Amino acid sequence: MLEAAYNLFVKVLSLSAMASVLALLILLTRFLFKDRLKPTWTYLLWIPLIVRLAIPWAPESTFSIFNLLPLEKETAQSSFIPSAQSEVGFTYVPELTGGEKEPPSVTGIAKTGPLPGESTPDDVAQVNPHTDSGWEPIHVLVLVWFGGAAVVLGMSVRAQLRFTARVRQETEIHSSEVQRLFESCKQEMQVRRPVKLIGTKQIAVPTLLGVMRPKLLLPTSTLHTLETNGLRHIFLHELAHVKRHDILLNLLTGLLLAMHWFNPLLWYAARQMKEDQEVACDALALKHLEPACHRSYALTLLKLLETLPDPIRLAGTAGISSSKKEMERRIIMITRHKKFTAKSSLLGLAVIMILSGCTLTGAKLNSASAPAMSAPATFQAEVQDKNTTASGVKGTLLAEKNGITVSANPTGENTLLHKVTVDVRGEVSRTFLWNAGEDKTRPPLIEEADVNGDGTKEIFIRITTGTGTGLSMSEIHVLQPASLEELVVEDPIETLNQKLKSSITHRNNHTYVSAELDGKHLTKVYDYTEGAWGEKVGFGSIVSYELIDDQIVALMSGAASMSEFPLEVIAVYGKNLTIESAQMYYGSFISPPLSEQDIKSMMEKQLPASGWTFSKDGDQYRVDIDPLNGVGEGNSYKINPLTGTVHDVTSGSPLRSLVNLEAIDLWNFSNGTEYQKELYKLLQPIFDTEGFKPTDTDLISGFIGDGYLFSDVRQGSREFTIKVDVFTGQWEEIPDPYQ
């Protein structure tokens with residue numbers, strides 16, 4: 001049994017090594033032919049890799065690339081199996097043992113003496129002294145491999161079964177209009193297999209599930225957020241997965257990855273294959289759309305993917321998913337979609353045949369030398385550096401400041417990517433491939449500032465890349481002024497998705513969101529559970545950048561679902577262009593921290609027309625109201641710009657929120673008992689979410705003087721003090737303020 005496992009392990013190692021070579025060739029081919037192969041052929045490039053992993057046998061060929069890398073030869077020559085049968089592997093030689101009678105050869109082959117360079121039995125016994133134990137270090141590796149494969153496969157099956165169980169009880173969508181649209185799309189795609197259309201609240205992204213009886217799981221929220229054209233785009237994309245039998249291929253890939261779990265290159269290759277699968281489905285869907293609708297299709301994908309948490313990654317599913325980097329590639333393909341000629345199809349077929357011929361065959365084991373191989377002429381492709389200097393490039397002028405101009409040329413019809421030329425006073429010019437929309441209402445921002453502290457002012461360019469309802473997306477580029485070399489700026493999305501710790505739970509018809517960033521917390525409770533909620537708060541690609549006092553600042557909204565954004569994060573960059581600090585705020589219609597103008601404008605709407613003054617008081621703002629009819633004392637209030645909470649100057653007790661318009665207004669509560677009761681109502685959801693228990697009968701132990709209040713709490717066996725803003729749910733653990 002152990003020897004059989006060892007033999008299997010050796011074969012898996014051999015296949016993994018050969019598949020790694022093939023994967024590298026495929027990745028190289030994708031790079032060289034990225035603009036010349038249609039998406040379908042690019043996706044089909046991965047089929048030889050699946051075949052190589054799935055079929056352990058291959059015919060010998062002098063054309064095989066493994067004649068140059070004889071992996072099969074080395075494996076065959078080193079296939080000695082350590083075991084208790086130590087005689088296997090050498091033959092008894094009488095001349096070396098005192099002329100005793102030769103016993104029968106174990107292998108059935110008699111030798112007359114040692115060959116030149118051959119080890120004698122004594123030598124072999126010294127090199128392999130394991131005649132009794134039957135257990136070798138290599139066997140430990142075999143067991144580790146076998147255990148790892150079992151764990152990976154078990155986790156995959158468990159996740160698949162749990163997901164299937166979650167959606168098993170969901171029912172079909174009964175809307176006749178949606179069903180008619182779905183059936184129409186099936187006819188267009190010529191999908192004759194029965195596919196059920198299921199509405200569910202369990203997922204946030206449209207997902208295809210099942211090999212034999214596929215189901216299209218459609219989040220119920222998409223029925224409300226997408227119009228008919230958007231639904232049609234989703235249906236065409238998912239039916240493309242059905243038509244191509246992608247789920248079956250994904251299942252096979254998942255099984256093979258479990259066998260080769262130790263090879264990171266194959267995991268990366270599988271991820272790239274999945275991305276090519278998505279692009280191929282986009283291309284098939286676009287064939288059934290008019291060219292004028294291609295941009296609309298791209299915007300539908302953006303709408304789905306920009307605000308989603310992590311996509312579902314199960315072998316038995318296929319859903320609309322993409323990374324930020326890969327999303328750019330998909331948008332290019334969609335907006336530049338064109339009909340490929342028969343010549344391009346012949347090129348794709350030739351590339352796959354060459355790849356298959358030289359990698360799905362084995363090395364010629366008896367050949368003395370392998371012929372040198374050179375790539376066919378058709379493999380030569382020009383790779384254009386996206387930063388190549390381009391003199392005399394003309395295009396639409398997007399912005400100009402201090403002699404620095406930014407102009408753009410589309411790279412294709414209706415494309416979202418442009419060849420953007422930056423010219424610095426006619427002295428140096430360079431062209432980049434950037435995402436840049438020609439939006440006259442939001443032209444690029446050009447600034448010169450020393451953002452990295454090297455004593456030289458860099459060129460800071462912010463370009464609007466897309467717009468939506470009440471929001472805009474932007475990207476920034478920082479260039480060296482002399483060479484226009486682009487500096488690397490840390491991606492805030494990737495960093496914050498790793499740093500922010502959060503959870504989203506549902507119970508008692510409520511949804512509880514808890515988030516923590518650098519020791520500061522934010523809690524929010526929704527009085528419903530319907531919707532496409534994620535398992536944690538995530539950040540999409542929507543980032544707003546600013547340049548403040550020579551520092552780059554990024555503002556991002558954290559999404560709990562496609563429609564709920566409970567928090568915002570402001571990230572400040574340091575001189576090394578990495579995030580130096582990040583602060584979490586309550587998600588609102590107006591982004592904190594509030595400016596003086598924001599606070600004054602909002603307070604003016606809630607105060608008398610006259611008889612009050614507005615001023616700055618330390619790190620807060622103050623409003624003083626004159627006494628009524630000049631009799632008695634007036635009232636004074638402060639506003640905390642970090643939370644938007646208005647509080648009493650004397651007691652520090654919170655009164656109203658300028659950002660959470662759904663919170664109860666405590667401004668006019670004159671009865672202390674009623675005021676305290678309402679404060680408890682605001683504080684209780686935080687206790688429910690975080691599992692806090694008060695250490696005293698009174699939930700509130702004091703006011704801090706800036707709109708926050710103190711509360712002594714117990715969480716498990718720990719007792720500590722927190723300061724809380726009851727309107728926004730922002731809180732943090734602090735030392736005992738009275739010690």
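In this predicted model, a nonpolar patch on the surface is formed by Leu153, Val157, Leu161, Leu252 and Leu255, which together have about 410 Å² of accessible area. Two helices, H6 (137-167) and H10 (246-259), each contribute at least two residues to the nonpolar patch. The greatest contribution comes from H6, with three residues. One member of the patch, leucine 161, is located in helix H6. Leucine 161 counts as exposed because its relative accessible area is 55%, and the cut-off for that class is over 50%.

The UniProt record, an unreviewed entry, lists residues 12-33, 138-159 and 247-270 under "transmembrane region". Such annotations may be inferred rather than shown by experiment. In the model, residues 138-159 are 100% helix and 0% strand, and the C-alpha atoms at the two ends of this span lie 32 Å apart. Residues 247-270 are 83% helix and 0% strand, with 13 Å between the end C-alpha atoms.

How many disulfides does the model hold? The count is zero. In general terms, a disulfide is a covalent bond between the sulfur atoms of two cysteines. As for individual cysteines, cysteine 281 is buried, its relative accessible area being 0%. Cysteine 293, by contrast, is partly exposed at 31% relative accessibility.

The structure contains 16 salt bridges. Side chains of opposite charge can pair when their charged atoms come close. Three of the pairs are set out below, each with the distance between its closest N and O atoms.

| Acidic residue | Basic residue | Closest N and O atoms |
|---|---|---|
| Aspartate 624 | Arginine 622 | 2.9 Å |
| Glutamate 674 | Lysine 677 | 3.8 Å |
| Glutamate 733 | Arginine 718 | 2.7 Å |

The pair of glutamate 674 and lysine 677 lies within helix H17 (residues 672-690), where the two residues are three positions apart, about one turn of the helix. Glutamate 674 is partly exposed, at 33% relative accessibility, and lysine 677 is likewise partly exposed, at 41%.

The salt bridge between glutamate 733 and arginine 718 joins two strands. Glutamate 733 belongs to strand S29 (residues 730-734) and arginine 718 to strand S28 (residues 718-725), so this pair ties together parts that are 15 residues apart in sequence. Glutamate 733 is partly exposed, with a relative accessible area of 39%, and arginine 718 is partly exposed at 39% relative accessibility.

Salt bridges with shared partners also link Asp617, Arg622, Asp624 and Lys638 into one network. Within this network, arginine 622 is partly exposed, with 22% relative accessibility. Its value places arginine 622 in that class because buried residues have under 20%.

Which residues does serine 581 contact beyond its neighbours within four places in sequence? Those residues are Ile570, Ala571 and Val572. Serine 581 is situated in strand S19 (residues 579-586) and is partly exposed, with a relative accessible area of 35%. Serine 581 and aspartate 518 are separated by 63 residues in sequence, while their C-alpha atoms are 9.0 Å apart in space.

Terms used
Residues are numbered from 1 along each chain as its sequence is written. This is a predicted model: local features need pLDDT of at least 70, side-chain atom pairs count only at pLDDT 80 or more; totals for chains, interfaces and linings use all residues. Side-chain values use heavy atoms; hydrogens and water are left out. A disulfide is a pair of cysteine sulfur atoms within 2.5 Å. Buried means under 20% relative accessible area, exposed over 50%, partly exposed in between (1.4 Å probe, protein chains only). Patches are made of residues with over 30% relative accessible area and no salt bridge: like charges are joined within 9 Å, nonpolar side chains (Val, Leu, Ile, Met, Phe, Trp, Tyr) within 5 Å. Accessible areas come from the Shrake-Rupley method with a 1.4 Å probe; for residues, only the protein chains shown count as cover. A salt bridge is a side-chain nitrogen of Lys or Arg within 4 Å of a carboxyl oxygen of Asp or Glu. Helices (H or I, at least four residues) and strands (E, at least two) are DSSP runs, numbered from the N terminus. Contact means heavy atoms within 4.5 Å.
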